[in-house]
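Welcome to this structure, and thank you for taking a look. Here are some notes to read with the model open beside you.

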Amino acid sequence: MSARENSSTTSTMAHPSMDTVLGFLRELNASVDTIAWDRDLIEARVLDSLAFVEFLLLIEELTGEPVDLATTDVNNFRTLERINAFLTEGAGHAHA
Amino acid sequence: MDDSGFSTMLARLSEKSRDEYYNPYTKFTWPDTVPEDQWWMNPDYLTVSGTVLIDDEKTLKALARYETVNFFSLHVHGIRELMIEVAKRIHTPDFAEYNEYLHHFIGEENAHMWFFAEFCHRYTGGIYPEAASPLRREGFGNLWDDVIVFSRILIFEEIFDYYNSRMGKDQLIPDILREIHAAHHHDESRHVAFGKQLVKRLYDRALAADPDRREEIEKYVKDYMTYSVRSLYNPQIFRDCGVGNPLAVRREALSHPVREAFHVKLMTRVDRFFVAAGIFSTSWGTEHVSA
Ligand SMILES: [Fe+2]
Ligand SMILES: [Fe+2]
């Protein structure tokens, strides 16, 4: 059961913008291509406090909506899996 | 360590601070208004200079106004954060020999914060909020944190000085802006001279105690330089000047080859210092393809 969930969130359900996200993160740390999608990006030293401001602007550009940290949990951006989920939901809202 | 040169410099800088002391609250003659049809920044120093991303003069003049507000806001927020760090260290045993000078530093930065914010509040809608990161920077241990704090101050001051030294004598911009830039440039020349010597000493001390973190520190300081360059391109200035697709314009400006070359030029002096001090094994500029 959990194996199916994993494969569905990592490959088959990847949001098209994940390519851009991965491209951005690769510039920060090339290891992003090999890390698990449920691995914490901050602990893995891909994202840090200095890069995070720029990262949120990228998400804003991709979703067309600013990320309001008063209402959006930072944890939404700590793994590739959760970023993918955020983009998928965000796009859903945008087209609704 | 031979301290005589350093002590002499400290004494000389403190004396200069005393001699050149001024009352920031009475120093400037604030006009009733600052005309919006004038350039608040020389267009050569705008973030889109050298690109053709914005070509309409009205929008560029609006951008010059918002970039001025952003530039002044960066000082207010950046120095507030760094003054907290300096205030934590003054009159502690490790910083005892710097006390006298650090008093001047805190006093002068307090004055700068006031006049930069005062300009924004008098003539615009006020300062921009800070682009705070929701993540906390992890510490590198006390000795390395000292290096980081004063390296950040130095980077910050060198960026400001690049613009202040030029706009402080630029006849194109309104008098009050030229006077603010000139006043800041005057004080910062002392801060930069002090900062370089201090960073070098703090670095040598930290390296002797904990050499293993050297590479990590180099990476952090370089990342901070990149972060500082990006902060000049506050997304809000592009939204406020009324350009369509502000985030895309910002992103294209930031990665434009002319701008990347400019970023290297902007950072040359401080980059060269970090290499000469042994803090960088390679320069930020050569590795730095994309800011
Ligand atoms: Fe200052
Ligand atoms: Fe300063």
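**Notes on helix packing, cores and loops**

1. A good place to begin is chain B, where H5(B) passes H7(B) in a right-handed crossing. Please keep in mind throughout that this is a predicted model. The axes of H5(B) and H7(B) lie 10 Å apart, and the two helices pack at an angle of about 30 degrees. An angle under 35 degrees counts as roughly parallel, so H5(B) is roughly parallel to H7(B).

2. If you would like to see who meets whom in this pair, H5(B) brings B:Trp144, B:Ile148, B:Ser151, B:Arg152, B:Ile155, B:Phe156 and B:Ile159. Facing them from H7(B) are B:Arg214, B:Ile217, B:Tyr220, B:Val221, B:Tyr224, B:Met225 and B:Ser228. Sorted by class, the contact of H5(B) with H7(B) has ten nonpolar, two polar and two charged residues.

3. Next, follow H7(B), residues 214–231, across to H10(B), residues 257–276. Their axes come within 11 Å and cross at roughly 155 degrees. Since angles over 145 degrees count as roughly antiparallel, H7(B) is therefore roughly antiparallel to H10(B). This crossing of H7(B) and H10(B) is right-handed. On the H7(B) side the contact is made by B:Val221, B:Met225, B:Ser228 and B:Val229, and on the H10(B) side by B:His263, B:Met267, B:Val270, B:Asp271 and B:Phe274. Its classes come to six nonpolar, two polar and one charged residues.

4. The remaining pair to visit here is H5(B) with H10(B), which pack at an angle of about 135 degrees with their axes 10 Å apart. That angle makes H5(B) oblique to H10(B). H5(B) passes H10(B) in a right-handed crossing. From H5(B), the residues in contact include B:Leu154, B:Ile155, B:Glu158 and B:Tyr163, while those from H10(B) include B:Lys265, B:Arg269, B:Val270 and B:Phe274. Taken by class, the contact of H5(B) with H10(B) divides into eleven nonpolar, one polar and four charged residues.

5. Which residues touch the most other members of the largest nonpolar core? In this core of 95 residues, they are B:Phe119, B:Phe150, B:Ile155, B:Tyr163, B:Ile180, B:Phe194 and B:Phe274. Helix H5 of chain B, residues 142–167, gives the most to the core, with 14 residues. One residue to click on is B:Phe150: beyond its neighbours within four places in sequence, B:Phe150 is in contact with B:Val86, B:Arg89, B:Phe95, B:Leu102, B:Leu198, B:Val199 and B:Leu202. Another core, of 26 residues, lies apart from the largest one and includes A:Leu22, A:Ile35, A:Val67 and A:Phe77.

6. Is B:Ile176, in helix H6 of chain B, buried or exposed? B:Ile176 has a relative accessible area of 3%, and under 20% counts as buried, so B:Ile176 is buried. Not counting residues up to four places away in sequence, B:Ile176 touches B:Phe28, B:Thr29, B:Trp30, B:Pro31, B:Val34 and B:Phe119. With B:Phe28, the separation is 148 residues in sequence and 7.5 Å in space, C-alpha to C-alpha.

7. For a contrast in accessibility, look at B:Gln171, in the loop between H5 and H6 (175–209) of chain B. B:Gln171 is exposed, with a relative accessible area of 63%. B:Gln171 and B:Asn42 are 129 residues apart in sequence, yet 9.2 Å apart in space, C-alpha to C-alpha.

8. Two loop residues deserve a look at their backbone. Most residues other than glycine have a negative phi. A:Arg45, however, has a positive phi, near 60 degrees; A:Arg45 is in the loop between H2 (18–28) and H3 (49–63) of chain A and is exposed, at 52% relative accessible area. B:Asn245 also has a positive phi, near 55 degrees. B:Asn245 sits in the loop between H8 (235–240) and H9 (246–255) of chain B, and at 56% relative accessibility B:Asn245 counts as exposed.

9. Finally, a few words on chain A as a whole. Chain A has four helices and zero strands, and 42% of its 96 residues count as buried. Among contacts in chain A between residues at least 6 apart in sequence, 59% join residues at least 24 apart.

Technical notes:
Residues are numbered from 1 along each chain as its sequence is written. Chains are lettered from A and ligands numbered from 1 in the order in which they are written. This is a predicted model: local features need pLDDT of at least 70, side-chain atom pairs count only at pLDDT 80 or more; totals for chains, interfaces and linings use all residues. Side-chain values use heavy atoms; hydrogens and water are left out. Axes are lines fitted to C-alpha atoms, for helices over the stretch in contact, and angles run from 0 to 180 degrees between N-to-C directions. Angles under 35 degrees count as roughly parallel, over 145 as roughly antiparallel, 65 to 115 as roughly perpendicular and the rest as oblique. A crossing is left-handed if the near helix is turned anticlockwise from the far one by less than a right angle, and right-handed if clockwise. Contact means heavy atoms within 4.5 Å. Ala, Val, Leu, Ile, Met, Phe, Trp, Tyr, Cys and Pro count as nonpolar, Asp, Glu, Lys and Arg as charged, and the others, Gly among them, as polar. A nonpolar core is a set of buried Ala, Val, Leu, Ile, Met, Phe, Trp, Tyr and Cys residues joined through side-chain atoms within 4.5 Å. Buried means under 20% relative accessible area, exposed over 50%, partly exposed in between (1.4 Å probe, protein chains only).
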